[in-house]
Amino acid sequence: MNEIATQIETFAALLLEQANRARALSDEKAVDFTRRPLRIGIAPGDGIGPVIVRQAEKALRCLLQEELQSGSITLCPIEGLTIENRLEKGQSVPEDTLSQIKTCPVLLKGPTTTPGGGTMTSANVTLRRELDLYANVRPVCVPDLNIDWIFFRENTEGEYTLGSRGIELEGLMAMDFKVISVAGTRRIAKAAFDYAAQHGNCKVTIVTKANIMKKTDGLFSQVCHEVAKDYPGIPVEEYYVDIMAANLVNPDLRSSFRVVLTPNLYGDILTDEAAQLQGGVGTAGSANTGSRYAMFEAIHGSAPRLIEQGLGNWADPESILRATVMLLDHIGCHDKADLLRGAIDSVKAKGLHVSQDCLTCEAFGDAVVSALQA
Ligand code: NAD
């Protein structure tokens, strides 16, 4: 009974904290990411992170030569975002590393390892919260299958807000928490509908499991439909996440999707599935954006098994290169984003890819840079 009383106290504190967080959520106007001077942080991360991030940095240095020379853009190495340093300091993102990151409105980040179990929060969850990166934007494009999707995944709430802070009655049961707020949902919904409005009023598909998670997903659904009323020209539909997972691989339906709007966990899962249709997680990049900061990364993790098998040099850098295309677009360098997109596509069109029979990660990066210089 004492244990239950203690957990009730823990829950009361969490509830209070989350109510305060939800009240304080801001919908402030985004800073102008096209303003100069601009500092771009580069954090290599863990596992295959350093080798893939190196390819992205090579491409950035090639494309931004003039800006780097004039000082209008600076690439800033970020130190300490490694699992060794994080474990040693006992912090998911050590304070000095976070301070470095906060000097850069834009961050290019390699994947970071999160130990299973224990209490160490994922570095990504911490960064998304600390930098208030509420929109996780993940495009998936497969022209041969007539697929052109863009996922808007809420990035700071859902199961992730209190993911390391569930409660447990030892030997009996455990509970985790899912948190959805009105303000948190409204801002991701607005981001998705704004994108749809800017792209020919294309359809928005909302994904929930509101038939089961009635409070949280019910609220997400309700707020998304409220926001939709401000965009009368945009067709809206809603699917439950289980059938949406099936629909993404249903040839009769999948081409009809364009903008997909999801809470945090469903977006995480669906985008890995979607990326698989494009050639695997190694081909997909993502943007994590907020009003003051933006972070760009691959959608995948640090691939520890590739490293254990000595195959790190065959990690596919396409994911982080695609994220770099998104970064360039976000900072207003649209022509350079198009050049990089074209260079990646042209290398792939030649049949070049990362594999032990073809190119290493470095060689793929070099081929992209050569295509940029051609
Ligand atoms: P993972 O994404 O690292 O790997 C999944 C599979 O995809 C593996 O077979 C891996 O070899 C392969 N893969 C991933 N990226 C690849 C690439 N660029 N080229 C070729 N193959 C690639 O997922 P996981 O094994 O579940 O997670 C490993 C670690 O990464 C965990 O600690 C996890 O917490 C972390 N993680 C970090 C992020 C992030 O930093 N954004 C995202 C997901 C997972």
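Start by selecting strand E12: it is mostly covered, with five of its five residues buried. You are looking at a predicted model, so keep that in mind as you click along.

**Stop 1: the neighbours of E12**

Keep E12 highlighted and add strand E11, residues 285-289. E12 itself covers residues 294-298, and the two strands run antiparallel, joined by five bridges. Together E11 and E12 form a hairpin, with four residues between them. Which residue of E12 is the bridge partner of Ala287? Select Phe296 and you have found that partner. Now try Ser286, which stands opposite Glu297 of E12.

Next, add strand E3, residues 106-109. In what sense do E3 and E12 pair? This pairing is parallel and runs over four bridges. To see one of the matched pairs, pick Val106 and then its bridge partner in E12, Ala294.

**Stop 2: the whole sheet**

Zoom out and colour the strands. E12 belongs to an open sheet of ten strands with mixed pairing. Walk across the sheet in this order: E2-E1-E3-E12-E11-E4-E5-E10-E8-E9. Your walk begins and ends at the edge strands, E2 (73-77) and E9 (236-240), each of which pairs on one side only. Turn the view a little as you go: on average, neighbouring strands of this sheet are turned by 20° against each other, direction ignored.

**Stop 3: Leu340**

Leave the sheet and select helix H13, residues 334-349, where you will find Leu340. Is Leu340 buried or exposed? Its relative accessible area is 0%, so Leu340 is buried, the cut-off for that being under 20%.

Who surrounds it? Leaving aside residues up to four places away in sequence, Leu340 touches Ala59, Leu63, Leu321, Thr324, Val325, Leu328, Val368 and Leu372. Show these side chains, then pick out Leu63 from the list. Leu63 and Leu340 are 277 residues apart along the chain, and 8.2 Å separates their C-alpha atoms.

**Stop 4: a patch on the surface**

For the last stop, switch on the surface and select Leu172, Met173 and Met175. These three residues make a nonpolar surface patch of about 310 Å². Click on Met173, which lies in strand E7, residues 173-175. How does Met173 count in terms of accessibility? At 38% relative accessibility, Met173 is partly exposed, because that class lies between the 20% and 50% cut-offs. For a contrast, jump back to Leu340 in your viewer, which is buried at 0%.

Definitions and conventions
Residues numbered from 1 in each chain as written. Predicted model: local features only at pLDDT ≥ 70, side-chain atom pairs only at ≥ 80, totals over all residues. Heavy atoms only, no water. Pairing = 2+ DSSP bridges. Axes fitted to C-alpha atoms, helices over the stretch in contact; angles between N-to-C directions. Buried < 20%, exposed > 50% of the residue type's maximum accessible area, 1.4 Å probe, protein only. Contact = heavy atoms within 4.5 Å. Patch = residues over 30% accessible without salt bridge, like charges linked within 9 Å, V, L, I, M, F, W, Y side chains within 5 Å. Areas by Shrake-Rupley, 256 points an atom, 1.4 Å probe, with all protein chains shown as cover. Salt bridge = Lys/Arg side-chain N within 4 Å of Asp/Glu carboxyl O.
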